[in-house]
Amino acid sequence: MKRLLKKTQGLIVQFDYHKTRFKLLYIGILIFLSLALVVTIFPPVWLILSSFKSAREIYQVPFTLWPDSLDFSKVSDVWNMLDFSKYYVNSIIVTLGAVLTSIVFNGLLAYAISIIKPAGYKIVFALVMASLMIPPILNMGTLFNYIVKLNMINSLLPLALLFGANPFYFILFKTYFDSLPEALFEAARIDGANRLQVFTMIVLPLSKPILAVVSIFTLTAAWSDFLLPFLVLQSDSKQTVMVKIYQLYNDMGTSMGFGPDSLLMVIAFSIVPPVILFFIFQRHITSTVATTGIRE
Amino acid sequence: MNGSKLKRFLKKNLGGWLIMLPSILLFIFFIWGPLLSNISLSFFESIGYDRGAFTGFENYREVFADPVFSKAFFNTLKYTFWSLLLGFGIPIILALLLSELVHAKGFFRSAIYFPNIIPGLATILLWTFLFDPSQGGVLNAILDIFNLGPFPWLNDPDLAIPLIVLTMTWKGAGATTLIYLASLQNVSDVYYEAARIDGASLWQRIRHVTLPHLIPTVKTLFILQIIMVFQVFYEPLVMTDGGPNNASISLLQLIYRYAFQQGNAAKAAALGVLVALMLFALTFAYLKITNRGKKTS
């Protein structure tokens, strides 16, 4: 409570906290936020704990949160039964590929439009901005047809390349590049560097913060991507984690030995990588969302 | 243009265009191409996913004649209504409370954002479990402790949409909260101090200092939320398959149904064009509102 009496910024400050009324209000704020915390944390906690339960235990009345036994061998049992490594590997390939294309293609486009500005760049800029309105899944039928025509069914390539045409990431790059001092690029050009060298040797090293941001967003978005992978990846050995989960969910009633408890465990597998990423980069992620308004 | 001038023009611009070219090709492949093909396909009959004979506005007529289309359209309005009712106020309140927090601020901020990083499909399946309608479903079993229920949850046509919106809000509210929080941190303390010296009560400070400052952000996020809700797709697809009896089917889900479940790509294309027009109108409104905001502030 002493810290309240030192609060100098914001709506309620130290002078207010001399009054009991405001102290009670602050306790109310703490209680309310703690309740919000329970709402955000309870479902994932329930998921993890229940994945150790038996199918019968999950639907048991009265409700219990803690499983009868925390048998960690179940983790490897479910993983091995489904040979889950291959889906993980596919997802990792798509995700890393997505990060690479996302940085290279959105970055280069933003570099050309923000810094090089070749004749006619404004038309390209306007078209990219207009594509903000057009979510790619809106035209899913024709996009799927393109992929069929190019013989890329069961290929991971289009799923990674999709992230190279992302107007949100483009804007993040462009806004950042706009703020870099122009003199730097001119100096490098005078020293004889070509346009591409300026990008790799000057722009990219100066852009670490925005590279981190776009990478984190692309990582989580590509890991979670579902519709296009679901349409494109038709053979089991090519499926990503999300596609496999959806298939397991749809088949749950029909396949023997795979009950709701196993499905919960597989869902838990899918949230582990983004959760780890979040714990490493949480400060970075939360501050970027706040300033850019882009969520994933 | 003579030879040397042309050469200089090319030298100046060719490099830039070469650098843009791969990215432009990707935008053509993933966004502009499918959009144009879609517009074109919508005026033809489809053979598989390819164009057959020209049929004029026949596909549009079919879409409008489909009772499920009007259902999906009004459902989308319902999604919008519920998302504004359930989802719009919560982030503002959370941001206000978070900004006043002195203890464990970073922890609360991360925890409230946390659901956002859980993959969409995992979130949807998780909540499908929580909303299990059986006696032993998680929420029913918890409510049973208080002698309530069991409730049919997603099986109730009147509850399906609000519950789907609840799921979306659970996932998305944290991110919106952080945007409001950033906006709140930009309120200069001078205004609060002035208000306090004038003897303004807490409510008066919120009413006359905080809220006016938030208005531009509120306007922007209001329209953005509507645009986002118009694109709701995965949630009804997975949680209810649009049911019960199409009570929760959304426009994008209907496109999916036409294209991949009924094998009518042309009809899907026509609906895609219609939804694109709606999004265009909403975006136009958004730009109008935000531009006006900039001019006055």
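**Helix packing, domains and the A–B interface**

In chain B of this predicted model, α3(B) packs against α8(B) through a fair list of side chains: B:Asn75, B:Lys78, B:Tyr79, B:Trp82, B:Ser83, B:Leu86 and B:Gly87 on the α3(B) side meet B:Ile161, B:Pro162, B:Val165, B:Leu166, B:Met168, B:Thr169 and B:Ala173 on the α8(B) side. Sorted by class, the residues of this contact come out as 9 nonpolar, 4 polar and 1 charged. As for geometry, the axes of α3 (residues 67–87) and α8 (residues 157–185) of chain B come within 9 Å and cross at roughly 50°. That angle makes α3(B) oblique to α8(B), because anything from 35 up to 65 degrees falls outside both the roughly parallel and the roughly perpendicular classes. The crossing itself is right-handed.

A second helix pair in chain B can be described along the lines of the first. Here the axes of α9 (residues 189–197) and α10 (residues 202–229) of chain B come within 10 Å, with a crossing angle of roughly 140°. An angle has to be over 145 degrees to count as roughly antiparallel, so α9(B) and α10(B) are oblique to each other. Their crossing is right-handed. On α9(B), the residues involved are B:Tyr191, B:Tyr192 and B:Ala195, and they meet B:Gln204, B:Arg205, B:His208 and B:Val209 on α10(B). This contact divides into 4 nonpolar, 2 polar and 1 charged residues.

Further along chain B there is a backbone oddity: the peptide bond leading from B:Gly243 to B:Pro244 is cis, with omega near -5°. B:Pro244 sits in the loop that runs between α11 (234–239) and α12 (251–261) of chain B. Chain A has an oddity of its own in A:Asn151, which is not a glycine and yet has a positive phi of about 60°. A:Asn151 is also a loop residue, placed between α6 and α7 of chain A. Both cases stand out because most residues other than glycine have a negative phi, and most peptide bonds are trans.

On the domain level, chain A is assigned a domain 1 spanning 2–50 and a domain 2 spanning 77–292. Taken over C-alpha atoms, the centres of these two domains of chain A are separated by 36 Å. The contact between them draws on 4 residues from domain 1 and 4 residues from domain 2 of chain A. The domain 1 side of that contact has 3 nonpolar residues, 1 polar residue and no charged ones. For chain B, the assignment gives domain 1 as 3–33 and domain 2 as 65–296, and the C-alpha centres of the two lie 40 Å apart.

Turning to the interface between the chains, 78 residues of chain A are in contact with 83 residues of chain B. On the chain A side, at least two residues each come from α1 (20–50), α4 (85–116), α5 (121–130), α6 (140–149), α10 (195–206), α11 (208–224), α13 (241–251) and α14 (260–292). The chain A residues that touch chain B split into 56 nonpolar, 18 polar and 4 charged.

Finally, a word on confidence. Chain A has a mean pLDDT of 88, with 97% of its residues reaching 70 or more. Within chain A, confidence is lowest in helix α2 (residues 55–58), at a mean of 82, and highest in helix α7 (residues 157–161), at 96.

Notes: Residues are numbered from 1 along each chain as its sequence is written. Chains are lettered from A and ligands numbered from 1 in the order in which they are written. This is a predicted model: local features need pLDDT of at least 70, side-chain atom pairs count only at pLDDT 80 or more; totals for chains, interfaces and linings use all residues. Two residues are in contact if their C-beta atoms, placed from the backbone, lie within 7 Å. Helices (H or I, at least four residues) and strands (E, at least two) are DSSP runs, numbered from the N terminus. Ala, Val, Leu, Ile, Met, Phe, Trp, Tyr, Cys and Pro count as nonpolar, Asp, Glu, Lys and Arg as charged, and the others, Gly among them, as polar. Axes are lines fitted to C-alpha atoms, for helices over the stretch in contact, and angles run from 0 to 180 degrees between N-to-C directions. Angles under 35 degrees count as roughly parallel, over 145 as roughly antiparallel, 65 to 115 as roughly perpendicular and the rest as oblique. A crossing is left-handed if the near helix is turned anticlockwise from the far one by less than a right angle, and right-handed if clockwise. Domain bounds come from an automatic or database domain assignment. pLDDT is the predictor's confidence in each residue, from 0 to 100.
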